[in-house]
Structure formats: C-alpha cells, structure tokens
Amino acid sequence: MLDVQGVTRMFGQKAAVDNISFHVDRPAFVGIIGRSGAGKSTFLRMMNRLLDASSGQIRVDGRDVLALKGAEARAWQSQCAMIFQQFNLVPRMDVASNVLHGILNRRSTLQTMFNLWPRADILKALEILDRLGISEQATKRAEALSGGQQQRVAIARALMQDPKIILADEPIASLDPMNAQVVMDTLKRINVEDGRMVIANLHTLDTARRYCDRVIGMRDGRIVFDGTPEQLSTGVARDIYGADDSFNEAATSTSIPTDTTADRAFADVLLS
C-alpha cells in the first residue's frame, strides 16, 4: 500500500528528514518514535501534503502523492486524514459541525457559510460519534469537552473523510493516562475493524509496544530502527533516543497504564 523512497526535507542547510525509505504492504498500525526534532512530524506533514518534500517519492497504491498538484493534491488530503496533538477543532462550534468539517472540500462555499449539510451527512456524523462513544456530546461546543473527548471528535472528523490512511501526530501527548488509553484504543479499533492504515508519531516506548504492529525509530532525520515491537530492545531504544536522559524520559513517561505481564516485563527491561 505504501512505498516511501528517499524522502528528504531540507530547511536551509539542515535535513529535517534525511533520505528515508520504508515499505508497508498492508493496512498496519505503524508507530514512529524518536526524540523531539527527529523528523517525525515533518514526515507526516509531507505525506499529508502540508509540506513539500525536497526530494523522494511517497507512493500509495503505485501513485506518487508528492507529485500531485492542485485538485488532485486536495483530493489526496481527503484520503489521508490528519489528527493533531492540539485537536485543531473550532472551539465555539458544536461537536457535530466540527465532525462535518471533515468534508468541507466537498461542499459549496454557500453551504459552508450557512452551515447547511445534507441529511445523509448529518446522520453519518452522528453515527461516527456514536461509534466513538460521544454521540451525547453532539450539540455541545467543542470547548466544553475534555481533552480526551476533543481528540475523539478530531478522530470522528477524520473518519468523516472516509480516508485510506490516518496520520496521527502525537495524538496523546497532551492527555492524561486514562484519556490517552481511550484514544489509542479507538485508533487501534479503527485500524483492525476498518482495515485502515494508521501511522502515529508516539512519545513513549510502552505505547508503541502495546499498540503497534511495526515501529520505526527516527534520529536526526534518519531511520535507525524498523521492526516489530518485540525487537525494540534496550540497546535499540538507546540508539533511537541517544543520550541517557532522553532515553530515560521516553522509557518512564508512561502515557498509558499497562496491566499485562508482557507490558510489565518490558517496562522492567527498559528501566533496568
């Protein structure tokens, strides 16, 4: 489904993303980990076409999405939905309308100005909110919701686009552990039940270990690890995060409660 070849993004003389390549042949849950400034967010923004690449190709089903222009690029953004750390909702707008904004590019300017939506779209938005367990919040302003609820609204807005791929840029970084678990459970369920590829930038090792089918580690713009969560050893993690202080922070910043023997054993290894 996804073939990344030699993708680079330069900012002046500095390579934020430096000639990275990888291939994903099924709708997996892919986690990208690394310290701040590793190039994780820059890569997702290039894939969603919020940033242009300096060179390289990102092929989805054989089509290079980096070469798309104009209407074709906008159509690709509908197929590759983006979820942000800070939700990017309209705070004073009700939840249902925020979800419907996922298909703004399919509506006329007049419909958008007067908040006019076909009944079928409204029912679809409510159905998605019900699936995510927040349909009772549909008429409330987004700003009245908790952080975890707002992130689920952002996920609902992404699903409204009916995307092939969901990109999540640090989706739980600003959430407490329980809300983080709800959001990650939701993304995993969408990946498994819908067969949609999910690519998530993640801050903590335990989250990647618990939810991902595959983990890509980035450091200084380059991929330094590409494998399964089971292969994410202490030595590999130190290679990804570099200095001991950064590694220890990644190992101990447990965003999600772990309750299985395997998770506890993994945490023990990381902290030993």
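**Warm-up.** Which residues have the most contacts inside the largest nonpolar core? They are Ile33, Ile83, Ile155 and Leu187, in a core of 50 residues. A nonpolar core here is a set of buried Ala, Val, Leu, Ile, Met, Phe, Trp, Tyr and Cys residues joined through side-chain atoms within 4.5 Å. Buried means under 20% relative accessible area, exposed over 50%, and partly exposed in between (1.4 Å probe, protein chains only).

Before you go on: this is a predicted model, where local features need pLDDT of at least 70, side-chain atom pairs count only at pLDDT 80 or more, and totals for chains, interfaces and linings use all residues. Residues are numbered from 1 along each chain as its sequence is written, and side-chain values use heavy atoms, with hydrogens and water left out.

**Exercise 1. Explore the cores.**

Step 1. Find the helix that gives the most to the core of 50 residues: α6, with seven residues. Helices (H or I, at least four residues) and strands (E, at least two) are DSSP runs, numbered from the N terminus.

Step 2. Look around Ile33, leaving aside its neighbours within four places in sequence. Its contacts (heavy atoms within 4.5 Å) include Lys40, Leu202, Val215, Met218 and Tyr241.

Step 3. Now turn to helix α2 (residues 70–79), whose buried residues are Ala73, Trp76 and Ser78. These buried residues pack against α1, β4, β5, β6 (80–83) and β7.

**Exercise 2. Draw the open sheet of four strands.**

Step 1. Write down the order, β2-β1-β4-β5, with antiparallel pairing. Two strands pair if DSSP finds at least two bridges between them.

Step 2. Mark the edges. β2 (14–24) and β5 (63–64) each have a single partner strand, so one side of each is left without a neighbour in the sheet.

Step 3. Join strand β1 (residues 2–11) to strand β4 (residues 55–60) by five bridges. Val4 stands opposite Ile58 in β4.

Step 4. Add helix α1 (residues 40–47), which packs on the sheet and touches β1, β2 and β4. The direction of α1 makes about 115° with that of β1. For such angles, axes are lines fitted to C-alpha atoms, for helices over the stretch in contact, and angles run from 0 to 180 degrees between N-to-C directions.

**Exercise 3. Follow the salt bridges.**

Step 1. Start with the rule: a side-chain nitrogen of Lys or Arg lies within 4 Å of a carboxyl oxygen of Asp or Glu. The count comes to ten salt bridges.

Step 2. Take Arg49 and Asp52, which meet at 3.4 Å, N to O. Arg49 is buried, with a relative accessible area of 14%, whereas Asp52 is partly exposed at 46%.

Step 3. Next, Lys164 and Asp61 meet at 3.2 Å, N to O. Lys164 lies in the loop between α6 (147–160) and β7 (165–169) and Asp61 in the loop between β4 and β5, so the pair ties together parts that are 103 residues apart in sequence.

Step 4. Finish with Arg196 and Asp162, at 3.1 Å, N to O. Both belong to a network of salt bridges that links Arg131, Asp162, Glu193, Asp194 and Arg196.

**Exercise 4. Check the confidence.**

Step 1. Read the average pLDDT (the predictor's confidence in each residue, from 0 to 100). The protein chain averages 88, and 86% of the residues score at least 70.

Step 2. Find the stretch to treat with care. Over residues 258–272 the pLDDT is below 50. Where pLDDT is low, the predicted coordinates should not be read in detail.
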